[in-house]
Number of protein chains: 2
Amino acid sequence: MAMASYQHIRESILARIQAGEWSLGELIPGEVKLSKEYGCARATVNRALRALADEGLVIRKRKEGTRICRTRVRQAKLYIPIVREQVEATGQKYHHNLITQKSAKPPPSIRNLLQIPTSTKALYLETVHLADERPFAYETRWLNVDAVPNILQAPFDRISVNEWLVQSVPFSNGDVAFSAVNADQEIAAALDTRIDQALFLIDRTTWLDDVFITTMKLFYKDGFQLYSEL
Amino acid sequence: MAMASYQHIRESILARIQAGEWSLGELIPGEVKLSKEYGCARATVNRALRALADEGLVIRKRKEGTRICRTRVRQAKLYIPIVREQVEATGQKYHHNLITQKSAKPPPSIRNLLQIPTSTKALYLETVHLADERPFAYETRWLNVDAVPNILQAPFDRISVNEWLVQSVPFSNGDVAFSAVNADQEIAAALDTRIDQALFLIDRTTWLDDVFITTMKLFYKDGFQLYSEL
DNA sequence: AATTGCATTATGTCTATACATATAGAATCA
DNA sequence: TGATTCTATATGTATAGACATAATGCAATT
């Protein structure tokens, strides 16, 4: 089937922008004018322009109108995958080894996040994710047991912590940070790489309704890259 | 003012999802039912549900209905900034040094992207971005001169290549890849860091309407991290 | 049993209309 | 002159109604 009409209008206006019909910062015609031009209802133009605004191509203001974005904010949508899916997507077989699982007093930085008394303990886990039996990523994680009580019964030898959480606390929110770090002795050993190897690191903290759930560091084996279009 | 009604409905349904009113994969009531429940028009519920679908919380299908997403695809919106803005956002002063600017035959990998005859030359640039006179990022870039002819007149001592492109070819599209690399001798020198230091690398290629514009590698000085919510 | 066809249904889109709301710019006033 | 109020206007949102479209499942046919 063809495209919806608001999509056509969006594409058409996008093309006109790219062709340079309006210069940066310039006002484009109002919704009423455009709806006459395209022979449709204002709501349809509205939807097309809203889409372009979401993409950061135009800025819309009441009374002022719609103008071409001066400095377009480039946004990339990153899909953050589950490690298992990441591995299986390359046709490799996924496994994981739970190296450490202990209840411990978290370091101050973690305790701050947890917002629990200093005496309380939290669950600490270390996991190695394997692709075709070779190390793929190394994960360290602190977990707030109070927030997810039934986690103590979870079979972490069979299902990875991450996946268990995804299924049990599916609609949490959080933040991520991406960076690069040198492998220390421990991580290098776990990932079967040399000390000082540059590793891609995802640092992620998850909340459910302002209650801390978990914070995790995921060190990817060298060669990993995260891709996105923009 | 308060929130729009469709926003309220979105929040309400989101809360109901998080409260576990429906289990994973379960169908939620149809638009008509919900619109009666909330006392509004179907279009309003539609917009709320479409928003939730965009966020990856529900999946909608014609005839089938709207169901809670089984495995939520976590997506992080990354705002990819201009280096200058990145520096200035921290309150530091931005400068840049153009180290190399030459016309050269690009290596095969770049030539593939360019889709030009092997003999043709392209513009190669190396830039160091500085924050308060200290290295912040190191950039290497190949540029298709044919696609942006008037670039030869651009004053790259005053404005960075990146910003010149943002202003001159504002509505291009492209892709990005994030990874971690060890600093080699040259980059370590440029960034005033040690050899082998892990560096965050953004690899970015830009097109305008299927015409190759530029490809760039941006090596950030150690300590840099890219942050996002999800 | 397998295929085809049809009614049903939930979302997808579009229209016309209406009112809300922010705000730029004009008009007014101190 | 500078602050304030007013008004026109473009976008933002909501509504009811309509038709489009995909897909399910049942019914009729081969």
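These notebook entries record what I looked up in a predicted model of two protein chains and two DNA strands.

**Conventions.** I note that residues are numbered from 1 along each chain as its sequence is written, while chains are lettered from A and ligands numbered from 1 in the order in which they are written. Since the model is predicted, local features need pLDDT of at least 70 and side-chain atom pairs count only at pLDDT 80 or more, whereas totals for chains, interfaces and linings use all residues.

**Entry 1: DNA strand C.** I looked up the residues near this strand, meaning those whose C-beta atom, placed from the backbone, lies within 6 Å of it. I found 23 residues around DNA strand C, the closest being S5(A), Y6(A), C40(A), A41(A) and G30(B). I then listed the elements, taking helices (H or I, at least four residues) and strands (E, at least two) as DSSP runs numbered from the N terminus. At least two residues each come from α1 (5-18) and α3 (42-54) of chain A and from α3 (42-54) and β3 (65-68) of chain B. I sorted the residues by class: Ala, Val, Leu, Ile, Met, Phe, Trp, Tyr, Cys and Pro count as nonpolar, Asp, Glu, Lys and Arg as charged, and the others, Gly among them, as polar. The surface near DNA strand C holds 10 charged, 7 nonpolar and 6 polar residues.

**Entry 2: DNA strand D.** I counted 22 residues around DNA strand D, with G30(A), S5(B), Y6(B), A41(B) and T44(B) the closest. Here α3 and β3 (65-68) of chain A, and α1 and α3 of chain B, each supply at least two residues. The most come from α3(A), which gives 3 residues. By class, I noted 9 charged, 7 nonpolar and 6 polar residues on the surface near DNA strand D.

**Entry 3: the contact between chains.** I took two residues to be in contact if their C-beta atoms, placed from the backbone, lie within 7 Å. The contact takes 40 residues from chain A and 40 residues from chain B. On the side of chain B that touches chain A, β8(B) gives the most, with 10 residues. That side has 23 nonpolar, 10 polar and 7 charged residues. I also examined pairing, which requires at least two DSSP bridges between two strands. Strand β8 (residues 173-182) of chain A pairs with β11(B) in the antiparallel sense over 5 bridges. Within β11(B), S228(B) is the bridge partner of V176(A).

**Entry 4: symmetry.** I superposed the copies by least squares on the C-alpha atoms of residues with pLDDT of at least 70 in both. A turn of 180° and a shift of 0.0 Å along the axis lay chain B on chain A with an RMSD of 0.1 Å. That is the relation of a two-fold axis. I noted that 100% of the contact residues of chain B recur in chain A, so the same surface serves both copies.

**Entry 5: nonpolar core.** I searched for sets of buried Ala, Val, Leu, Ile, Met, Phe, Trp, Tyr and Cys residues joined through C-beta atoms within 7 Å. The largest such core has 54 residues, and those touching the most other members are A180(A), L199(A), F219(A), A180(B), L199(B) and F219(B). Leaving out residues up to four places away in sequence, I found that A180(A) touches residues including L199(A), A180(B) and L199(B).

**Entry 6: D192.** I recorded a positive phi of about 55° for D192(A), which is not a glycine. D192(A) sits in the loop between α7 (185-191) and β9 (198-208) of chain A. I looked up its burial (buried at 20 or more other C-beta atoms within 10 Å, exposed at 12 or fewer, partly exposed in between, with C-beta atoms placed from the backbone). D192(A) is exposed, with 10 other C-beta atoms within 10 Å.
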